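Visitor: I should like to be guided through this structure by way of questions. Please explain the reasoning behind each reply.

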Amino acid sequence: MRLGSRLRGELPRGWWRSARWWITGIRDLALSTAAALATVVFVGEMMRAVRHRDEPRTLARLSGTFEGYVASLLVNNAGLVVLATVAIEDGPPVVLTTLLAGWCLLNIAIGATVFVVVARSRIRQPAAWAELDFVEQHAPKYGRPPETIEEYRAQQLQE
């Protein structure tokens, strides 16, 4: 895919005055940030992912992006390393250290569960995920009409 068509997909004509574009972008950013820093909020989404582990369409629509869950693993692992370093050096109160370690471990467990469920689904059902990835990449966004053959095909696959 060329850079021009990729930019046209992400920045459609008049994007700066499109409330839908701004709201969607802010919502996605907030969900990814929440998934990275407070994965505990998405316990229900983790349970839904485990329940529907063989349904790629349901897994593709989880709140918080997959990248957010992967970021949660990285951020909270780094948090545990920093917490261990601080505990060795300064020796903060045991209660605070225990609470922060528990928070990080819980976030890691939830992020890892979602990561494993989605990775397992992608490995076992590559055709279904290929179709979902095609639709996500080529479907017209922010209410604009389809302009290319790929966009028309992605719109038909969505329905």
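Visitor: Which helix gives the most residues to the lining of the largest pocket?
Guide: The model is predicted. In it, the elements that each give two or more residues to this lining are α2 (19-37), α4 (56-60), α5 (66-89), α6 (94-124), α7 (126-138) and α8 (149-158). With six residues, the greatest contribution comes from α7.

Visitor: What is the volume of the largest pocket?
Guide: Its lining comprises 32 residues, and those nearest the centre are Asp 28, Ala 60, Arg 61, Thr 65 and Glu 136. The pocket that they help to line has a volume of about 1300 Å³.

Visitor: How many residues in the lining of the largest pocket are charged?
Guide: The lining divides into three classes, of which 15 residues are nonpolar and seven are polar. The charged residues in the lining number ten.

Visitor: How many helices does the protein have?
Guide: From the N terminus on, the elements run α-α-α-α-α-α-α-α. There are zero strands, and the number of helices is eight.

Visitor: What percentage of the residues in the protein is buried?
Guide: A residue counts as buried when its relative accessible area is under 20%. Across the 159 residues of the protein, the buried share is 29%.

Visitor: Is Glu 45 buried or exposed?
Guide: Glu 45 and Arg 48 both lie in helix α3 (residues 43-51), three residues apart, about one turn of the helix. Their side chains meet in a salt bridge of 3.4 Å, N to O. Arg 48 is partly exposed, at 25% relative accessible area. The value for Glu 45 is 16%, and because the cut-off for burial is under 20%, Glu 45 is buried.

Visitor: Which residue meets Asp 54 in a salt bridge?
Guide: Side chains of opposite charge can pair when their charged atoms come close. For Asp 54 the N to O distance in the salt bridge is 3.4 Å, and the partner is Arg 120.

Visitor: How many residues apart are Asp 54 and Arg 120?
Guide: The side chains of Asp 54 and Arg 120 meet in a salt bridge. This pair links distant parts of the chain, with Asp 54 in the loop between α3 and α4 and Arg 120 in helix α6. Asp 54 is partly exposed at 47% relative accessibility, and Arg 120 is partly exposed at 27%. The separation along the chain is 66 residues.

Visitor: Which helix holds Arg 57, the partner of Glu 131?
Guide: The side chains of Glu 131 and Arg 57 meet in a salt bridge of 3.0 Å, N to O. The two residues are 74 residues apart, and Glu 131 lies in helix α7, whereas Arg 57 lies in helix α4.

Visitor: How many salt bridges does a search of the whole structure find?
Guide: Among them are the pairs Arg 48 with Glu 45, Asp 54 with Arg 120, and Glu 131 with Arg 57. The search of the whole structure gives a total of five.

Visitor: What accessible area does the nonpolar patch of Phe 66, Phe 115 and Val 116 have together?
Guide: One member of the patch, Val 116, lies in helix α6. Together with Phe 66 and Phe 115, Val 116 forms this patch on the surface, and the accessible area is about 240 Å².

Visitor: How far apart in space are Gly 79 and Leu 100?
Guide: Gly 79 lies in helix α5 and is partly exposed, with a relative accessible area of 26%. In sequence, Gly 79 and Leu 100 are 21 residues apart, while in space their C-alpha to C-alpha distance is 8.7 Å.

Definitions and conventions
Residues are numbered from 1 along each chain as its sequence is written. This is a predicted model: local features need pLDDT of at least 70, side-chain atom pairs count only at pLDDT 80 or more; totals for chains, interfaces and linings use all residues. Side-chain values use heavy atoms; hydrogens and water are left out. On a 1 Å grid over the protein atoms alone, a cavity is a set of points where a 1.4 Å probe fits but cannot get out, and a pocket is an open set with protein on both sides within 12 Å along at least five of seven lines; lining residues have an atom within 4 Å of a point. Grid points are joined across faces, edges and corners, and a volume is the space filled by probe spheres set on the points. Helices (H or I, at least four residues) and strands (E, at least two) are DSSP runs, numbered from the N terminus. Ala, Val, Leu, Ile, Met, Phe, Trp, Tyr, Cys and Pro count as nonpolar, Asp, Glu, Lys and Arg as charged, and the others, Gly among them, as polar. Patches are made of residues with over 30% relative accessible area and no salt bridge: like charges are joined within 9 Å, nonpolar side chains (Val, Leu, Ile, Met, Phe, Trp, Tyr) within 5 Å. Accessible areas come from the Shrake-Rupley method with a 1.4 Å probe; for residues, only the protein chains shown count as cover. A salt bridge is a side-chain nitrogen of Lys or Arg within 4 Å of a carboxyl oxygen of Asp or Glu. Buried means under 20% relative accessible area, exposed over 50%, partly exposed in between (1.4 Å probe, protein chains only).
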